[in-house]
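Okay, thanks for coming, everyone. I'd like to take a few minutes on this structure, so have a look while I talk.

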Amino acid sequence: MIVRFWGVRGSIPVPGPTTNRYGGNTSCVSVQPEGGPLIIIDAGTGIRRLGKEMMKGEFGHGRGTAHLLISHTHWDHIQGLPFFAPFYVAGNSFFIYARQRDDTHLRAVFNSQTMDPYFPVTFDALKADIAFRELVEGTRFEIDGVKIGCTRLNHPWIAMAYRLDCDGGSVVYVTDTAPFTDILLEHEFIKVAPKPGDPLSEEDREKLSAMYDGVVGLCKDADVVIYDTQFTQDEYRQRPHWGHSTPDNALEVARAANVKKLVLFHHDPARTDDAQDAITREYQARARELGMSTEVLSAYEQMTIQIGAGGAAL
Ligand SMILES: [Zn+2]
Ligand SMILES: [Zn+2]
């Protein structure tokens, strides 16, 4: 399979001269298995360019089928959808997978994104056939021979991590998440950051520990893990309640799970290309110091990674 990055940024698109090399678009990754259907993970603004590429093939003729795995529906993971050209072609078929909410069906969540007065075309008016599959954490399923697993993350209103196994290889997508140590993030926004050393309740500690085990289990022996590393350690200390990790947290998971390649992802909007270069070098050195064989790199737009056999060129 071939993994390709179309958007690597967290929170909001930041085009401009200081972000050109890594790219300013928000989260979107495609996975093209050998002979299998295209799988897209998240639909930030990066999906617009992916959609244009897709239109050059069968999606331009209304004969395409693709699957979208959504980590969660915060803006930076869905804001490209209204500009995803294959949605506007009759005959195309899409399946959207995301975590089941207690209160609202997924279709209503996506529908509300383009309601008047926010956008002229409502979700219901799209020409492609779009079906929704609601997931509960831990669900395992298969898409035409691609095995999918998922587990929940530590993020306000909860995000899902996904693992894809096919063509003799594996890729895991872990964003957005805080580390599993200082604060439990669920169905409320915590306005005040906890202070270092603030005690956790036994219940919260157990939930976080189970979440960490779930993430390490999902990443176990993976070829590639793409991980939310939005914050530096200083930034995390100021905003532990925002639901993002540092490269240190990602390295810890990669080490525990024996990951071959760790891709730093969901870069902070304020992170310049030069600053990201420095982070990459710093954590490559850190992995060596720790005696890890894990390769560390930072995601940039249009980066491709071949995993296992096969995969088309998209
Ligand atoms: Zn995000
Ligand atoms: Zn988020």
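One term before we start: a residue is called buried when its relative accessible area is under 20%, with a 1.4 Å probe and protein chains only as cover. And keep in mind that what you're looking at is a predicted model.

So, is His-155 buried or exposed? His-155 has a relative accessibility of 2%, so it goes down as buried. Asp-176 is buried too, because its relative accessible area is 2%.

Both of these residues hold metal. The zinc ion, ligand 2, takes its protein donors from His-72 through NE2, His-74 through ND1, His-155 through NE2 and Asp-176 through OD, at 2.1 to 2.7 Å. The geometry there is irregular: the angles among the 4 donor atoms run from 88 to 172 degrees. If you like sequence patterns, the spacing of those donor residues reads H-x1-H-x80-H-x20-D.

Now, which residue coordinates both zinc ions? That's Asp-176, and ligand 2 and ligand 1 sit 3.7 Å apart. His-155 is in the loop between β8 (146-152) and β9 (160-166), while Asp-176 is in the loop between β10 and α4, so this pair ties together parts that are 21 residues apart in sequence.

Let's move to the surface. Phe-189 is also in the loop between β10 (169-174) and α4 (202-219). Its relative accessibility is 39%, so Phe-189 counts as partly exposed. Together with Trp-157 and Trp-242, Phe-189 makes a nonpolar surface patch, with about 320 Å² of accessible area among the three.

That's my tour; happy to go back to any part.

Definitions and conventions
Residues numbered from 1 in each chain as written. Chains lettered and ligands numbered in written order. Predicted model: local features only at pLDDT ≥ 70, side-chain atom pairs only at ≥ 80, totals over all residues. Heavy atoms only, no water. Patch = residues over 30% accessible without salt bridge, like charges linked within 9 Å, V, L, I, M, F, W, Y side chains within 5 Å. Areas by Shrake-Rupley, 256 points an atom, 1.4 Å probe, with all protein chains shown as cover. Salt bridge = Lys/Arg side-chain N within 4 Å of Asp/Glu carboxyl O. Helix = DSSP H or I, 4+ residues; strand = E, 2+ residues; numbered from the N terminus. Buried < 20%, exposed > 50% of the residue type's maximum accessible area, 1.4 Å probe, protein only. Donors = N, O, S within 2.8 Å, 3.2 Å for Na, K, Ca; no water. Tetrahedral: all angles 85-135°; square planar, octahedral: opposite > 155°, others 65-115°.
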